[in-house]
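Welcome! Let's take a friendly walk through this structure, step by step.

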2 protein chains.
Amino acid sequence: MTTQSKVNNIFYKEGQKLLVAVDCIVFGFNRGKLKLLIMERKIEPQKGKWSLIGGFVQKDESLDQAAYRILQACTGIHDMHLDQLYAFGEVDRDTGGRVVSVAYYSLINLELFEQELLKEYNAKWINIDDIPELALDHNKMANSALEALQKQASIKPIGFELLPEKFTLPQLQLLYEAIYNRKMDKRNFQKKILKNDLLIKLDEKDKSTSKKGAYLYRFDLDKYSKIKSNEDSFYIKV
Amino acid sequence: MTTQSKVNNIFYKEGQKLLVAVDCIVFGFNRGKLKLLIMERKIEPQKGKWSLIGGFVQKDESLDQAAYRILQACTGIHDMHLDQLYAFGEVDRDTGGRVVSVAYYSLINLELFEQELLKEYNAKWINIDDIPELALDHNKMANSALEALQKQASIKPIGFELLPEKFTLPQLQLLYEAIYNRKMDKRNFQKKILKNDLLIKLDEKDKSTSKKGAYLYRFDLDKYSKIKSNEDSFYIKV
DNA sequence: GCAAAAGTGTTAGAACTACACCCATGC
DNA sequence: GCATGGGTGTAGTTCTAACACTTTTGC
């Protein structure tokens, strides 16, 4: 092959247009369990199988916008937290044709979730350690998302997203234990989480899980947004 | 809007096919400097401007394969380390039309790089703190890749990729200092790097940078591949 | 003999882990 | 009054950061 034709082959080669999808791994937290939102797949191939929430990217919307559009439609929530996870691009990942899928993951406060959408879309929340076989490569996506969540949970205060505005320390600890699938010592956990100085202790107690009641806290959003630019503003060793 | 038409709109909406590209951020290390490989852009728009190495994904190749194909062509290296960075999908990121680009980054041992390819492709290595204005959103990509490299360097022994097979501890420290753009204490650095127990001290010395000479080391690839499955097998606090 | 880079050890502070008992209250 | 979950402190260990002098050898 000549030099010029090599260059041609690599750089001038006509692009072939592909379908681009987004799939969303949506996490929620309730009663000490980390949950994943799945729905019945609406299109071929594998129509009717459980799958992540997804759709095709349109020509006039960005990847982020497509993910937001789909997630907003499926949860009823606005301004939710959304992170890109990974682009899945195996040739045969979708048996119906060549589709590149960009996966996003999102943390949802279940109190804001519109439950009636479950029926509308034939969707459900399942426990994270009870995920059925999903369509295409969606199990792989969900597993990657869980790994990403584990990394994120140690460097960002993700309780912001998954818990109600007011929550107790035992609740927050249950969240971390669910994410890492591991029991933690409550004294050490509280020391580590409070050291970040992003929690405000309230005078109220939540008595829904014990007779004594546990103090409610809320995140100091002001303080967090002020120091957010500094990536090291939160850290919890797990 | 009726429920059914909402469902139609989200899930059945015809996918619109888009161009998908890969762009590669290629790092090298030489004489204490971290380097980035850039080349003259070969296609419109912004033809002739400096840019990352990239090309279009073909219908019969995965994203990874496309990145590998392009990188292999531009460096002459086989089996190089390649990590997906992020999918850039703003609508107007390519002024020539809608293109979603999946960015990959790679660490290259400059001893293996085929220098004659620089002329062939009109490419060059530039210092990481001396990056010119690049085409499209390529500066953003390069910055993200550097951040990813910083994260990676603390949890994976990336010296494997960027240094020759035999190297000295001062060399390795220069690499870390270049990645983090910060001077480090050599005693503490050596303690931390040696604690991972992945370096083998050789009897040879490299006298190219001092009269006394510095001991050469090599990575214990066997040990690393055995424990690689365990993500925590390497750690250096930076 | 001296300049230039390589090699080496200690100490004080911070962070982490492990661990057990009392408290408040609804029943 | 007792069962249940919530709250709290300490001691030993490990990790980290700061810091300076000696060694080697080509010139």
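The paragraphs below look at how the two protein chains meet, and then at the DNA.

This is a predicted model, in which local features need pLDDT of at least 70, side-chain atom pairs count only at pLDDT 80 or more, and totals for chains, interfaces and linings use all residues. Residues are numbered from 1 along each chain as its sequence is written, chains are lettered from A and ligands numbered from 1 in the order in which they are written, and side-chain values use heavy atoms, leaving out hydrogens and water.

Begin where the protein chains meet: 47 residues of chain A are in contact with 47 residues of chain B (contact means heavy atoms within 4.5 Å). Together they bury about 4,200 Å², 60% of it on carbon and sulfur atoms; buried area is the accessible area (1.4 Å probe) that two parts lose on being put together, summed over both. On the chain A side, Ile10(A), Phe11(A) and Lys59(A) lose the most area to chain B, together 15% of what that side buries.

Now turn to DNA strand C. It is surrounded by 22 residues, and Asn188(A), Lys211(A), Lys186(B), Lys191(B) and Tyr215(B) are the closest (near means that a heavy atom of the residue lies within 4 Å). Of the strand's atoms within 4 Å of the protein, 38% belong to sugar or phosphate and the rest to bases.

Some lysines are worth finding on screen. The side chain of Lys192(A) has an N or O atom 3.1 Å from a phosphate oxygen of DNA strand C. A base oxygen of the strand lies 3.2 Å from a polar side-chain atom of Lys212(A), and a base oxygen is 2.8 Å from a side-chain N or O atom of Lys191(B).

Terms used: A polar contact is a pair of N or O atoms within 3.5 Å; within protein, one must be able to donate a hydrogen and the other to accept it, and residues adjacent in sequence count only if both atoms are side-chain atoms.
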